[in-house]
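Student: Could we go through this model together? I should like to begin with how its parts are arranged.
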Amino acid sequence: TAERLNAISSLYKHCESPDLRVVAEALKGIGQVLVHYRQSIRAGTLSSSVQSKVRKWVEQHGQAYHAVLAKLATTSNPQAQVCAVRLAIEAARAEATEGLGKPEAGYQ
């Protein structure tokens with residue numbers, strides 16, 4: 001939903017807070033949820049009526065997630081920049097690992 005997409009985007013404003021770890025853990029959790037649902041789509045464990053909705057949800061939330069990481073990487077806070085780079089690398093590794101040996105490796 002749009003409300004949840006806005007919640008992901010609102011995490012960015014907290015990157016300047018003294019407790020960047022909370023933001024990092026929240027973003028890490030979002031990445032893990034995205035991985036879970038992409039794996040469910042690839043495994044075919046979702047009913048056909050739900051699969052297209054989940055695919056759209058993953059796409060929208062994945063875009064919001066990566067947009068927040070990009071904003072975080074360009075902040076003036078060096079710790080936030082490092083956090084964003086680490087999370088982006090984690091996301092890239094997860095996405096690459098998911099696609100190994102699978103015919104649908106291009107799906108995002």
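Tutor: Certainly. This is a predicted model, and in it H2 and H3 are roughly antiparallel to each other.

Student: Why do they count as roughly antiparallel?

Tutor: The axes of H2 (residues 20–43) and H3 (residues 48–73) cross at roughly 150°. Angles over 145 degrees count as roughly antiparallel, so H2 and H3 fall into that class.

Student: Within what distance do the two axes come?

Tutor: The axes of H2 and H3 come within 10 Å.

Student: Is the crossing of H2 and H3 left-handed or right-handed?

Tutor: The crossing is left-handed.

Student: Which residues meet there?

Tutor: On the H2 side they include Leu27, Ile30, Val33, Leu34, Tyr37 and Arg38. Their counterparts in H3 include Val54, Arg55, Trp57, Val58, His61 and Tyr65. Gly31 in H2 and Gly62 in H3 also belong to this contact.

Student: How do the residues of that contact divide by type?

Tutor: The contact of H2 with H3 has 13 nonpolar, four polar and two charged residues.

Student: Changing topic, how many helices and strands does the protein chain have?

Tutor: There are four helices and zero strands, and the pattern along the sequence is α-α-α-α.

Student: What share of the residues is buried?

Tutor: Of the 108 residues in the protein chain, 34% count as buried.

Student: And what about the exposed surface?

Tutor: The protein chain exposes about 6,800 Å², with 56% of that area supplied by carbon and sulfur atoms.

Student: Lastly, what share of the contacts joins residues at least 24 apart?

Tutor: Among contacts between residues at least 6 apart in sequence, 65% join residues at least 24 apart.

Technical notes:
Residues numbered from 1 in each chain as written. Predicted model: local features only at pLDDT ≥ 70, side-chain atom pairs only at ≥ 80, totals over all residues. Heavy atoms only, no water. Axes fitted to C-alpha atoms, helices over the stretch in contact; angles between N-to-C directions. Helix = DSSP H or I, 4+ residues; strand = E, 2+ residues; numbered from the N terminus. Parallel < 35°, antiparallel > 145°, perpendicular 65-115°, else oblique. Left-handed = near helix turned anticlockwise from the far one by under 90°. Contact = heavy atoms within 4.5 Å. Nonpolar A, V, L, I, M, F, W, Y, C, P; charged D, E, K, R; others polar. Buried < 20%, exposed > 50% of the residue type's maximum accessible area, 1.4 Å probe, protein only. Areas by Shrake-Rupley, 256 points an atom, 1.4 Å probe, with all protein chains shown as cover.
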